[in-house]
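User: I would like a close look at one chain of this complex. Please keep the answer plain.

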Amino acid sequence: MKPNKKRKKMGRGKTIFYWSILAFPLLQFIIFYVGVNLNSFALAFQKFDYSGNGYTFVGFENLFQNFLDVFKEFQEAKYLQTAVWNSVLVFILGLVIGLSLGLLFSYYIYKKCALSKFYKTILFLPYIISSITLVIIYKYFVEQAVPEVVLKLFNIEMDGLLSNQNTEFGAILFFTIWTGFGVQTLIYSSSMSGISNEIVEAAKMDGITPLKEFLFIDIPIIAPTISVFVVSSVATLFVNQMNLFNFYGAEAPYGIYTIGYYIYRGVSAAGTTLSDYPYYAAFGLVMTMITIPITLIVRKVMNKLDPNEG
Amino acid sequence: MKKNKISILNILLFAILAIYSISMIFPMFWALITSVKEQYDFLDNVLGLPVKVITENFATVIKYFEVPAQQGDVQVFHGFWQMFLNTILYVGGCSLTATLIPCITAYATAKFPQKKMSSIIYGIVIVTMMIPIVGSYPAEIDMLQKLGLYNTLVGTWIQKANFLGMYFLVFHAAFKALAKDYSEAAEIDGASEFTVMTRIMLPLVRNAFFTVFLVKFVEFWNDYQMPLLYLPSRPTLSFGLYYISNNTANMISTVPMRMAGCIIILIPIVVIFTIFSDKLMGNITLGGVKG
């Protein structure tokens, strides 16, 4: 009996300890994740009452009023349709160019080729330098220095890349992809360093070329890591601001809006009032509902493509 | 291996990476030389080296770096040192809570896997990483206002004190990998669970803890959008930089002054990176482990 009693007592002590250290994290999660998302859902069915009652239920007759406002805005405001297209374009180009170059750079670092340590640091720089600092430098560089370089080298006068409507979107898109290699390169090269030497050596004895080794050995082995990266990128499809707030604050030209920028700008801009929040909550909810199935489909596809699965 | 290093693929990658490096270093170098030019020198000579190196630009930026902030009904101006203090309090507090909470949550779930809540928490972390939440800012502001935490430093620290995300997985893997011998020996000697955690287990993962703290520190130092939304009365240096870059009505709105502002904000991060680059670039890859 005695040892049992002792075990029971120890168990209780452990249980108290367990719950006491988890109490705050769980409470935080309940309030700031569950609560906020429930609140976001509720806010989408509310309106702001200026007579002092704060947010109140819109009523059953106007239940979907905020959502109708969202769809109406989508129908009437061409820039919102463009924003969807821009968001998708940023995502696809970021994935195609960013992922393929990111993987190739990772391969180079993993193979410890010439200057790989230096290149690793350079690729990582945009991660440690704040995006606002990079944006300011880039903004003035492409506006002031690039036209000067072109003039000196080719004797051609040109506008800054951001002042010219034809090059503005491309210049920002380039910047977004250009600064996005850092962390993914580190993650992929780290995953590649886990590849067994025996596999690579055996393939080399069979005369495999570096390109084939990259395509048919390295990529399939790190497929799970690539899958996690792709799925989490899809999850940010309508969150990505493409650095527009950094470049323009709340004044970005309508034609280059992304959905992520539209929402952040809407909530943070100086003119936003409490009565605007329900509209943006409904807008966020609609976008979440669109993104969830896309994320799940991409996840399923990535799992099917993963040679390590099943 | 030698064959690898001279393959066409590697030569091609070397060339692309060289171009990338130049495209990254050249604007930085341009920003540095611009930051020590006088305005007329810059206008005459956008690309070249300065006629005269003007280091006073940095002192001028520090002196006139001001951002308005609403405190109650009054508008006050925060200067460089006030913003520096705001930054240290915001970044230090948020980095600490954003590292400590995933760490102790991971400790509890890794140490007591038999508890149902442990597997529920692990599942929550995995699922929430895959669920995209778009535009919950209004609800979060509303929630903070209801709790009386909006626009307070403590509010932002609590807001960031969540266990979600990949660093929970990093700590969980670290605690799982530790031998149980240490904690069991201490328990036999009569140490309490709290003592085992704080005196034995947490020190054993101090490297991972420090790395996550550094990563978070860099992240919060660079972020100005969240303070803009949730802490508008205490502008940080990054926010200040955003403000002066979009505001022409001040002493420091010239390009050389703005570049000097960028260099000033860069210095602490470059120092941290220089000292801890191995930690930052080495251990961050732990996040690549599939959960």
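What radius of gyration does chain B have, against that of a compact globule of 291 residues?

Analyst: This is a predicted model, and chain B has a radius of gyration of 24 Å in it, where a compact globule of 291 residues would be near 19 Å. The C-alpha trace of chain B spans about 75 × 70 × 40 Å along its principal axes.

As for its make-up, chain B holds 15 helices and 2 strands. Of its 291 residues, 41% are buried. Among contacts in chain B with a separation of 6 or more, 71% join residues that are 24 or more positions apart.

Confidence comes next. The mean pLDDT of chain B is 86, and 93% of its residues score at least 70. Among the elements of the chain, helix 8 (residues 153-160) of chain B has the highest mean pLDDT, at 95, while helix 1 (residues 2-5) of chain B has the lowest, at 49. Another stretch to note is residues 284-291 of chain B, where pLDDT stays under 50. The model has 22 contacts beyond four places in sequence for residues 284-291 of chain B. Where pLDDT is low, the predicted coordinates should not be read in detail. For the complex, the predictor gives an ipTM of 0.83 and a pTM of 0.81.

Notes: Residues are numbered from 1 along each chain as its sequence is written. Chains are lettered from A and ligands numbered from 1 in the order in which they are written. This is a predicted model: local features need pLDDT of at least 70, side-chain atom pairs count only at pLDDT 80 or more; totals for chains, interfaces and linings use all residues. pLDDT is the predictor's confidence in each residue, from 0 to 100. Helices (H or I, at least four residues) and strands (E, at least two) are DSSP runs, numbered from the N terminus. Two residues are in contact if their C-beta atoms, placed from the backbone, lie within 7 Å. The radius of gyration is taken over C-alpha atoms; the globule rule is 2.2 Å times the number of residues to the power 0.38. A residue is buried if 20 or more other C-beta atoms lie within 10 Å of its own, exposed if 12 or fewer, and partly exposed in between; C-beta atoms are placed from the backbone.
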